Amino acid sequence: QQVSTSRQLRQPFSRHSFNFHHIKVAERLVWLRENASRASTVLTLLPAEGPNRGANVAPHLVLSNVFPLAYLSSLVAPLVAQNLSQWLHPGGLQVALTLAAGLRDRFLRVGYNCMAGGASVNHLHFQLWRYPDELPVERAATERTRTGLIGFGVEVAELAGYAVRGL
């Protein structure tokens with residue numbers, strides 16, 4: 001597959017560049033669908049292949065990372081059929097935060113990088129991997145910014161006095 005290289009932070013999605021509609025069927029692991037209740041949102045896993053599968057039934061795709069970062073390295077492509085570029089989108093961020101909150105293994109990580117920050121595919125996605133130790137950023141001091149983003153049900157804090165900006 002041909003990957004993108006960019007120095008631009010934000011660029012429009014292009015159907016002609018590599019995107020997650022061009023992956024091999026074997027790279028699809030599972031589809032995710034939200035099931036919302038009054039108390040919370042959970043993600044339901046659906047098999048990658050078979051009857052009634054795909055973005056019309058479950059809008060979020062988990063796929064194999066052909067350039068793995070670490071053990072269990074995968075990609076989460078929220079709202080894959082909407083062709084969102086690799087830019088933080090509220091709906092995509094909600095999926096990533098919901099997924100992270102529901103992981104039972106504290107060493108499974110969900111991360112994001114933008115096009116100018118090393119992302120090689122301009123189709124909204126998050127990295128998912130397992131790292132069996134605490135990351136330095138997890139020990140960093142934070143300052144609370146807002147609580148309870150609409151629909152997220154999570155607390156958001158900004159890194160304080162850290163080498164890079166982050167939430």
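Trainee: Reading along the sequence, what pattern does the protein follow?
Mentor: Read from start to end, the order of elements is β-β-β-β-α-β-β-β-β, and please keep in mind throughout that we are looking at a predicted model.

Trainee: And how many helices and strands is that?
Mentor: The protein has one helix and eight strands; the helix, α1, covers residues 90-102.

Trainee: Which strands does β6 pair with, and in what sense?
Mentor: Strand β6, residues 126-130, pairs in the antiparallel sense with β4, residues 74-77, over three bridges, and β5, residues 108-111, also runs antiparallel to β6 and is joined to it by four bridges.

Trainee: Which residue of β6 stands opposite S74?
Mentor: That is L128, which faces S74 across the pairing of β4 and β6.

Trainee: And what is the bridge partner of G111 in β6?
Mentor: On the β5 side, G111 has Q127 of β6 as its bridge partner.

Trainee: Is β6 mostly covered or mostly open?
Mentor: Strand β6 is mostly covered, since four of its five residues count as buried, which means that each of those four has under 20% relative accessible area.

Trainee: What about side chains in a strand, where do they point?
Mentor: In a regular strand the side chains alternate between the two faces of the sheet.

Trainee: Switching to the backbone, where is L72, and what is its phi?
Mentor: L72 is found in the loop between β3, residues 60-64, and β4, and its phi is near 60°, a positive value in a residue other than glycine.

Trainee: Is L72 buried or exposed?
Mentor: Neither label fits, because L72 has a relative accessible area of 43% and is therefore partly exposed, a class that lies between the 20% and 50% cut-offs.

Trainee: Then where does N83 lie, and what is its phi?
Mentor: N83 lies in the loop between β4 and α1, and its phi is positive as well, at about 55°, although N83 is not a glycine.

Trainee: Buried or exposed, that one?
Mentor: N83 is buried, because its relative accessible area is 14% and the limit for that label is under 20%.

Trainee: Zooming out, what share of the protein is buried?
Mentor: Of the 167 residues in the protein, 35% are buried, while the accessible surface comes to about 10,400 Å², with 53% of that belonging to carbon and sulfur atoms.

Trainee: And what share of the contacts joins residues at least 24 apart?
Mentor: Taking contacts between residues at least 6 apart in sequence, 57% join residues that are at least 24 apart.

Definitions and conventions
Residues numbered from 1 in each chain as written. Predicted model: local features only at pLDDT ≥ 70, side-chain atom pairs only at ≥ 80, totals over all residues. Heavy atoms only, no water. Helix = DSSP H or I, 4+ residues; strand = E, 2+ residues; numbered from the N terminus. Buried < 20%, exposed > 50% of the residue type's maximum accessible area, 1.4 Å probe, protein only. Contact = heavy atoms within 4.5 Å. Areas by Shrake-Rupley, 256 points an atom, 1.4 Å probe, with all protein chains shown as cover. Pairing = 2+ DSSP bridges.
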